[in-house]
Number of protein chains: 2
Amino acid sequence: MKYLKEEYQNRIPYHAKMISDGIILNANESPFPLPKTIMDEFIKQLSQINLNRYPDTDVTILNEAISKKYNIKPENVTCGVGSDSLIDCIMKATINKNDLILTVFPTFSMYKQYAELYGGIIYEVPLNDDFSYNIDLIINEIKKTNPKLVVLCNPNNPTGSSMSLKDIKKIISSTNSLIILDEAYIEFYDEKESGINLFIDNLIVLRTFSKAYGFAGGRIGYGISTKENIKMIDTIKSPYFINSMTMLLATLIIKNNDLFNERIDYIIRERKRLYQEYLSLNIEIYQSKANFLWMKLNDEIENKIDDNKIYIRKFNINNKKYCRISIGTVEENNKLLEVISSCVKH
Amino acid sequence: MKYLKEEYQNRIPYHAKMISDGIILNANESPFPLPKTIMDEFIKQLSQINLNRYPDTDVTILNEAISKKYNIKPENVTCGVGSDSLIDCIMKATINKNDLILTVFPTFSMYKQYAELYGGIIYEVPLNDDFSYNIDLIINEIKKTNPKLVVLCNPNNPTGSSMSLKDIKKIISSTNSLIILDEAYIEFYDEKESGINLFIDNLIVLRTFSKAYGFAGGRIGYGISTKENIKMIDTIKSPYFINSMTMLLATLIIKNNDLFNERIDYIIRERKRLYQEYLSLNIEIYQSKANFLWMKLNDEIENKIDDNKIYIRKFNINNKKYCRISIGTVEENNKLLEVISSCVKH
């Protein structure tokens, strides 16, 4: 491409095709539509927001709703077009060419995508063989490499591995490097293990509406940190970043977040059930605290899943095939279970 | 800020306070709510989009609707979170530190905001004394400085100055530099003067739903260019950039764009009327082809406007006060006219 900068010429952007037909278990979405009471209220209030006017660039109503939920101050919150746009902002704000960004492997691929936009170099600390976090190794590698930025996902995408708050505190206190703690899936783990109330200088916690709150279509996530770090993000963020409709609907979601508890419990229950089911089929499966399972994949199972128009996310890790399977409805989960069973049992 | 890169430490981001009360003529928004038929259809179709799923990252339905309107191909269209996010993407894709970006002065302040994010240096070619474009000067300065990027706004924000398509072609053919032609306000000027059908290698045309289409709250704009330039933007753009609700509503707007002709005519009619009115009051006012007027401001008028809770955009150009006044409804326009008249006549 004639006008594209040299350093981007070989860039392959993340891309996912839209799926219109089949069982969709590849994007860790919620299988549930938004609660009817929330949608009804949204439509009622929609006529009161002036879509001909620019949105509130300060996202006041939503920041206030979020801060009320967590008993923090609005000045400690900032919203983005999905939490990954905040990863983008933070990396843009902090990363110079050839700066080191420490993360684990495997983890969410967008960390690398954004890091590369700003010339950052991703340094990957491997997870343990069972895909659990190796806290001591992470701390040692941070000390050894002194990275500009550390990005950790808890629970981790795509493996579901989790860290305790105690371990997180240990990592944070071992370094002055800025740490992004991506808690996109924390609702499926345990709010008590969240770093959201720590407010340590070098910590930014990211959350999203795309997973537990089932609002991936709205593209909204938020960051929680010290006033200074929030100001840093807002210095880089585009004005009028959050559209008025998403702002309104996300505000209604967070104000009515109790409505989601049952759905979250459903997913956790299904995750536990499916883990046991797959285990009993002798599938190589790993402990997950998120809304997905992480397991070994072979060609036969892969083909059978494809043939049944079930969509899962496939990975190649050190030349072995794995897959990340989102937890869907009982019916969807059972359909997949049945397909996989038929491969194992015959 | 401890973690912010050195080069951003003095950055002052663009910020506009939310106005809840008064006459809002400061953001070049449409004074009209979206047509009821479109909103009704939107609410009807809203239940059919799965907000729990990620949006179509390829923005298929909207790109198709846009390309149909202009009789071009979907591969020549890309959508952004407001057209300014596309300015951001293009600058990120093309600008290296200390690269020159040629534009005019005064023009849309976000060009400079985004240029500075990527270390670009803005080179400003002055407009004529009457704020009209000096085409020969622009061409000479492009030849002299050989900029990496040229950004031109037609009609220009905040002055309303316009260029003919003939002049635009003259500028484009004078250089190999990439040119962003920002046509945010072209609907209030003349579609025949648009560069949208040129498809020249070094031209990207930007359009928005925020002005003539009255959908500033949805944050959606689009770029039209060669397949290669669109691919360049999409290489840099974040996945799932456009949320599902905005995508749907923008699609309905563009499919029903005839509904907006009357509104556009209303604004143009009011612009012409107000221009004559202000002229007859001996206000120093300039020719505008956009949905706003550009005029000289003095302290007395400024204070009176402020006192009446009328919001306009104020500028200081070479130590002289000017203002940009959006065209509102007849009632809003008359209220402002009355306020200004009272200053002039007493």
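Which domains does the domain assignment of chain A give? Domain 1 covers 19–33 + 260–345 and domain 2 covers 50–255, with bounds that come from an automatic or database domain assignment. The model is predicted, so local features need pLDDT of at least 70 and side-chain atom pairs count only at pLDDT 80 or more, while totals for chains, interfaces and linings use all residues. Residues are numbered from 1 along each chain as its sequence is written, and chains are lettered from A and ligands numbered from 1 in the order in which they are written.

The C-alpha centres of the two domains of chain A lie 26 Å apart. Across the boundary, 21 residues of domain 1 are in contact with 18 residues of domain 2 (contact: C-beta atoms, placed from the backbone, within 7 Å). On the domain 1 side, α9, β10 and β12 (313–317) of chain A each give two or more residues (helices are DSSP runs of H or I, at least four residues, and strands runs of E, at least two, numbered from the N terminus).

Helix α9 of chain A has 20 residues (261–280), and its end C-alpha atoms are 29 Å apart, in agreement with the 28 Å expected at 1.5 Å a residue (1.5 Å times one less than the number of residues). Its buried residues are I267(A), E270(A), R271(A), L274(A) and Y278(A) (buried: 20 or more other C-beta atoms within 10 Å of the residue's own; exposed: 12 or fewer; C-beta atoms are placed from the backbone). These buried residues fall within an arc of 110° seen down the axis of α9(A), so they line one face of the helix (the arc is that of the directions from the helix axis to the C-beta atoms). They pack against β9 (285–286), β10 (292–296) and α11 (330–345) of chain A. The face turned away from the buried side carries exposed residues, including N261(A), D265(A) and K272(A).

Technical notes
Contact = placed C-beta atoms within 7 Å.
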